[in-house]
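Trainee: I have a structure to go through and some questions about it. Can we take them in order?

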Protein chains: 2
Amino acid sequence: MALIVQKYGGTSVGTVDRIREVAKKVIQYRNDGHDVVVVVSAMSGETNRLLGLANELHDHPRGREVDVLLSTGEQVTIALLSLALEQMGMPATSYTGPQVRILTDNAHNKARIMQIDDEKIRADLSAAKVVVVAGFQGCDELGNITTLGRGGSDTTAVALAAALKADECQIYTDVDGVYTTDPRVVPEARRLDRITFEEMLEMASLGAKVLQIRSVEFASKYNVPLRVLSSFTEGGGTLITSEEASMEQALISGIAFNRDEAKLTIEGVPDQPGVAAKILGPIAAQNIEVDMIIQNIGHDSTTDFTFTVHRNDFQTAMNILQKICQELSARQVTGDEKIAKISVVGVGMRSHAGIASTMFSALAAENINISMISTSEIKISVVVDEKYLELGVRALHKAFNLEQA
Amino acid sequence: MALIVQKYGGTSVGTVDRIREVAKKVIQYRNDGHDVVVVVSAMSGETNRLLGLANELHDHPRGREVDVLLSTGEQVTIALLSLALEQMGMPATSYTGPQVRILTDNAHNKARIMQIDDEKIRADLSAAKVVVVAGFQGCDELGNITTLGRGGSDTTAVALAAALKADECQIYTDVDGVYTTDPRVVPEARRLDRITFEEMLEMASLGAKVLQIRSVEFASKYNVPLRVLSSFTEGGGTLITSEEASMEQALISGIAFNRDEAKLTIEGVPDQPGVAAKILGPIAAQNIEVDMIIQNIGHDSTTDFTFTVHRNDFQTAMNILQKICQELSARQVTGDEKIAKISVVGVGMRSHAGIASTMFSALAAENINISMISTSEIKISVVVDEKYLELGVRALHKAFNLEQA
């Protein structure tokens with residue numbers, strides 16, 4: 001008998017029929033003897049419908065009132081799911097974020113959870129009820145409604161699981177787990193039974209399709225076992241936990257990739273302290289997020305400085321760099337929108353040499369040129385020409401034998 | 001400079017264009033130097049949409065979760081109206097019922113307001129903000145969301161006006177005031193500039209189309225001046241206040257009528273104590289509301305007992321009466337679904353004789369037979385054959401010179 005927090009996203013509760021299916025699944029867990037707390041999102045389409053109304057009345061709807069508006073989406077779902085459970089004979093009680101005092105800061109539209117009052121939930125669980133909580137929302141100390149921003153419902157689920165010291169936090173979605181890579185690119189991609197928080201974080205570009213990175217960080221911080229699984233098919237999904245000695249360590253867990261990037265290089269900048277800040281300061285000031293940053297050794301007192309940004313920010317970043325180029329008397333600015341990033345990720349990498357060489361050899365064997373390399377403790381990323389993305393991912397998947405468990 | 005509470009119903013906020021018009025009207029009052037608190041209903045159609053979803057998931061949706069569901073309707077409106085006001089440069093803050101602690105009992109779906117915390121609202125008004133409050137909803141002492149039942153938004157507005165000691169509570173609707181009778185029946189019907197709470201209560205059958213009776217009772221109890229006026233046209237509407245010496249008293253204020261009634265008679269029941277309770281007890285037990293009750297003097301130790309019910313309840317009431325008839329050894333049960341009730345209402349009636357005789361003469365002059373009569377301090381009601389309803393109302397309107405101010 002365990003305490004399980006389950007989260008169902010917008011697609012999983014998108015129609016009354018699907019809400020009924022969710023109710024059945026919840027009852028199944030109850031019948032197996034588990035206590036269940038359910039976190040739900042707004043029905044798919046509802047948030048956009050509400051934002052559409054707001055956009056008709058305001059040029060830039062945001063802030064406090066948008067949170068009042070959007071939080072109704074999850075409130076509708078908690079009531080409907082509770083009614084569905086009651087209809088099936090399962091006692092249930094719903095709570096909005098403010099009702100269980102999911103206390104956040106007052107950063108409207110992107111608030112952060114600070115504290116949760118679990119008293120009501122514990123009392124209901126003791127009374128053998130299913131507790132249904134609205135995801136994505138909370139309130140600040142003054143009682144103003146706040147929302148958590150994109151993927152907030154995942155964060156609500158993890159925060160509740162942490163507060164309740166739940167045995168597992170299950171994130172139901174439309175995929176049945178985390179794969180060694182995207183099965184649309186590599187048909188042999190294999191679902192991972194387990195993965196560590198760190199690997200999941202490094203697989204962000206893959207994982208973001210499955211799970212919001214913020215909720216993984218949260219789960220890692222409070223050591224909440226996270227399980228990603230499908231609302232629509234049976235199966236154990238993928239369990240995301242902290243690294244344990246007992247876990248069998250594969251060298252590499254997966255191949256992540258990202259085709260939304262663009263790279264920019266400012267060539268021939270003076271090789272002296274403070275130059276990186278002079279380049280990245282104006283970029284950051286425009287709220288452009290920078291991913292990889294590369295600066296190699298210089299020649300003749302100058303060096304080349306390269307970084308990648310989201311492809312949508314490419315033109316803005318180029319314009320800024322042109323100005324900086326003049327100011328720094330650098331040689332020239334070049335850029336490329338047609339790049340892709342491929343990463344091999346695995347905690348096993350820490351203790352094994354040769355991963356990099358296997359990776360580079362596999363790409364070379366396919367005549368794929370590497371234009372940038374960046375490494376972390378458990379990840380090696382390369383930037384290649386966009387047209388080689390699929391070929392590169394398939395080659396690496398095979399080189400590391402990921403199709404075999 | 002006054003403090004005004006305004007309430008806009010579902011039709012008045014039914015589209016984003018209408019919400020924009022409401023915002024303009026509110027700003028007009030602000031520009032005239034008044035403090036404004038606005039109470040809004042759900043956009044028209046929204047409550048039915050939500051109930052439709054609930055009905056798909058539950059055979060008899062009601063209770064706590066239905067309140068969680070329905071209360072989202074007004075929450076959407078408060079956010080949209082606040083955004084519209086902000087877009088027009090008018091600072092506004094919205095509150096759900098629970099946020100301003102509109103404390104109710106825990107009778108879900110038909111809760112009663114017990115107390116309101118006006119602290120936040122007063123602070124916002126002092127800061128020159130418009131305050132927008134969700135009608136129809138509150139919370140119980142444990143923080144559970146409650147709704148007030150039909151017409152609840154009117155009640156919210158009156159309760160807020162009472163708590164804030166507002167100078168006036170304005171109920172915006174789709175009619176421009178209270179009329180001497182229904183203008184569709186009598187084209188000469190005249191809008192009343194003023195009417196007393198008591199008259200408004202007795203005009204229930206007319207008034208219900210304009211204003212929920214419960215909110216009138218509430219306004220009367222706390223002596224809140226109520227004004228009914230149109231969202232769509234200009235005009236002063238009708239002011240509903242307590243009777244004042246300075247008010248010019250017309251004999252009769254209006255002619256109310258109701259065509260939704262049916263009458264039932266149980267003939268030849270034993271004329272002895274307790275018999276009325278034996279008849280009405282089983283009727284009440286079926287939640288059938290009884291309007292008029294008539295029992296005249298008896299003959300030969302038996303009497304006839306007649307009452308009226310809503311026409312929808314006629315058949316159920318007949319079945320119950322047949323059973324009672326046997327139990328009491330009464331002679332027989334008769335009934336008529338084709339009746340209508342016409343009432344003349346006016347506080348002036350108290351101090352003037354002859355109202356009844358004017359009424360009965362006017363009906364007799366049109367050959368309208370009266371089958372039941374019932375009187376109160378400020379009302380005389382008669383039941384007539386349904387087909388004479390319009391003719392009777394027109395005759396009485398003319399007999400009391402209601403077309404003249």
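**Annotation, symmetry and core**

Mentor: We start from the record. In an unreviewed UniProt entry, the annotation "domain: ACT" is placed on residues 264-338 and 344-405 of chain A. The model itself is predicted.

Trainee: How far apart are the end C-alpha atoms of residues 264-338 of chain A?

Mentor: This span is one of those annotated as "domain: ACT" in the UniProt entry. The span is 33% helix and 36% strand. Its end C-alpha atoms are separated by 11 Å.

Trainee: What relation does the superposition of chain B on chain A show?

Mentor: Two copies of a chain are related by a rotation about an axis and a shift along it. Here the rotation is 179 degrees and the shift along the axis is 0.0 Å, with an RMSD of 0.3 Å. That is the relation of a two-fold axis.

Trainee: Which residue of chain B has the C-alpha nearest the axis?

Mentor: The C-alpha in question lies 2.8 Å from the axis. It belongs to Thr72(B).

Trainee: Through what surface do the copies meet?

Mentor: Take the interface residues of chain B: 100% of them are also interface residues in chain A. The copies therefore meet through the same surface.

Trainee: Which helix of chain B gives the most to the largest nonpolar core?

Mentor: That core has 43 residues, and Val5(B) and Leu226(B) are among those with the most contacts inside it. Leaving aside neighbours within four places in sequence, Val5(B) is in contact with residues including Ala157(B), Leu160(B) and Ala161(B). The helix that gives the most, with seven residues, covers residues 152-164 and is α5.

Terms used. Residues numbered from 1 in each chain as written. Chains lettered and ligands numbered in written order. Predicted model: local features only at pLDDT ≥ 70, side-chain atom pairs only at ≥ 80, totals over all residues. Heavy atoms only, no water. UniProt positions renumbered as here; feature names shortened; annotations may be inferred. Helix = DSSP H or I, 4+ residues; strand = E, 2+ residues; numbered from the N terminus. Least-squares fit on C-alpha atoms with pLDDT ≥ 70 in both. Contact = heavy atoms within 4.5 Å. Core = buried A, V, L, I, M, F, W, Y, C linked by side-chain atoms within 4.5 Å. Buried < 20%, exposed > 50% of the residue type's maximum accessible area, 1.4 Å probe, protein only.
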